[in-house]
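Student: I am new to this structure and would like a close look at a single part of it, the sheet, together with whatever packs on the sheet or ties into it. Could you take me through that part slowly, in one connected answer?

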Amino acid sequence: MSTTIRGSLRTATSPSNCIESSPVAARLKRALLQAFFTAYYPYARLLTWLMPTLTLDGKTLHIPPAVYKPLENEHHYRDFVQSGDTVCDLGSGSGVVSAFVAERAARVVALDIGPEAVAATAANCERLGLANVQVQQSDMFAATEERFDVICANPPFVEIPMRGADKQWATSVTLLNRLFTEGRDHLRPGGSIVVLYPRRKSSRLQEFAREAGFALVASRAVGPKSVKLWLLCGLYLQLFFDAHFFVFRRIDESTHC
């Protein structure tokens with residue numbers, strides 16, 4: 001996941017924006033973010049090592065330290081899956097999405113580049129007795145030629161490069177772009193890509209979608225969190241994300257939704 005993201009943010013021509021968008025300011029911002037996440041990943045690993053389980057809607061997940069702990073009501077991905085669907089859980093992490101969409105889907109293919117995430121997804125789905133989930137280690141869609149009714153993704157929204165497969169769940173400069181450009185070839189007719197993403201950054205998300213030939217057809221908030229989940233969000237420095245689900249379909253099909 002190392003291709004440079006194309007495109008640039010639209011900025012006004014006011015002096016303040018010119019300063020903020022200057023190459024020096026951009027390099028400084030990037031350096032500060034890299035320094036922050038260099039410290040944040042070990043911090044998050046320590047928290048998960050201390051608190052290795054999470055229960056959502058009655059299902060307990062065991063999460064290894066190198067894997068993202070789901071804190072944004074990810075179990076509601078199941079609301080976008082219909083009975084009999086074939087679903088791709090792209091970047092499966094702990095397997096939280098697979099664990100809940102498998103209740104409705106005929107079959108789930110869970111893909112993740114990280115070996116710890118692949119093992120966690122497989123172990124959690126086995127523990128929950130889910131026989132319709134297939135787990136594969138894969139860089140995006142590289143390990144499958146299959147087409148899906150629904151592709152579920154929770155991509156990182158901080159666009160800085162970090163080395164290591166275990167440092168892709170919060171930061172990446174390629175995943176968002178590849179989600180749409182590669183996902184297009186893995187959707188069945190009428191299929192959709194469902195993305196969990198902060199609303200304040202949704203214009204960036206829609207920009208990549210349009211470039212790849214997708215249109216936004218629906219969006220909704222993730223819903224209220226439990227007190228326990230809010231407390232965990234505070235510990236993981238993951239507050240005020242205002243995460244929403246965004247549903248995309250190919251432009252040539254979206255007018256028929």
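**The sheet and its surroundings**

Tutor: In this predicted model, a good place to begin is the pair formed by strand 3 (residues 86–90) and strand 6 (residues 148–153), which run parallel and are joined by 4 bridges. Within this pair, Asp-89 has Cys-152 of strand 6 standing opposite.

These two strands belong to an open sheet of 7 strands, and if you follow the sheet across, the order reads 5-4-3-6-7-9-8, with mixed pairing. At the edges are strand 5 (133–137) and strand 8 (214–221), each of which pairs on one side only. Going from strand to neighbouring strand in this sheet, the turn is 20° on average when direction is ignored.

Helices come next. Helix 4 (residues 115–127) packs on the sheet, where it touches strand 4 (107–112) and strand 5, and the direction of helix 4 makes about 165° with that of strand 5. Helix 5 (residues 175–183) lies across strand 3, strand 6, strand 7, strand 8 and strand 9 (243–250), and its direction runs at about 170° to strand 7.

Helix 5 also has a helical partner, since the axes of helix 5 and helix 6 (residues 202–211) come within 8 Å and cross at roughly 35°, and this crossing is right-handed. On the helix 5 side, the residues that meet helix 6 are Leu-176, Asn-177 and Phe-180, while helix 6 brings Leu-205, Phe-208 and Ala-209 to the meeting.

Phe-180 leads us on to the interior. The largest nonpolar core has 70 residues, and Phe-180, together with Ile-151 and Leu-179, touches the most other members. The largest share of this core is supplied by strand 7 (residues 187–198), with 6 residues. If you pick out Ile-151 and leave aside its neighbours within four places in sequence, you will find Ile-151 in contact with Cys-88, Leu-90, Phe-141, Leu-179, Gly-183, His-186, Leu-187, Ser-192, Ile-193 and Val-194.

Charged side chains add another kind of link, and the structure holds 12 salt bridges. One of them joins Asp-57 to Arg-78, with 2.5 Å between the closest N and O atoms. This pair links distant parts of the chain, 21 residues apart, with Asp-57 in the loop between strand 1 (53–56) and strand 2 (59–62), and Arg-78 in the loop between strand 2 and strand 3. Arg-78 has a relative accessibility of 13%, and therefore counts as buried, the cut-off for that word being under 20%. The pair is also part of a network of salt bridges in which Asp-57, Lys-59, Arg-78 and Glu-103 are linked.

A further salt bridge reaches an edge strand of the sheet: the side chains of Asp-79 and Arg-220 meet at 3.0 Å, N to O. Here the two parts of the chain are 141 residues apart, Asp-79 being in the loop between strand 2 and strand 3 and Arg-220 in strand 8. Asp-79 has a relative accessible area of 32% and so is partly exposed, and Arg-220, at 31%, is likewise partly exposed.

Finally, Asp-252 and Arg-250 bring their side chains together in a salt bridge, with 3.3 Å from N to O. Asp-252 is partly exposed as well, with a relative accessible area of 46%.

Definitions and conventions
Residues numbered from 1 in each chain as written. Predicted model: local features only at pLDDT ≥ 70, side-chain atom pairs only at ≥ 80, totals over all residues. Heavy atoms only, no water. Core = buried A, V, L, I, M, F, W, Y, C linked by side-chain atoms within 4.5 Å. Buried < 20%, exposed > 50% of the residue type's maximum accessible area, 1.4 Å probe, protein only. Contact = heavy atoms within 4.5 Å. Pairing = 2+ DSSP bridges. Axes fitted to C-alpha atoms, helices over the stretch in contact; angles between N-to-C directions. Salt bridge = Lys/Arg side-chain N within 4 Å of Asp/Glu carboxyl O. Left-handed = near helix turned anticlockwise from the far one by under 90°.
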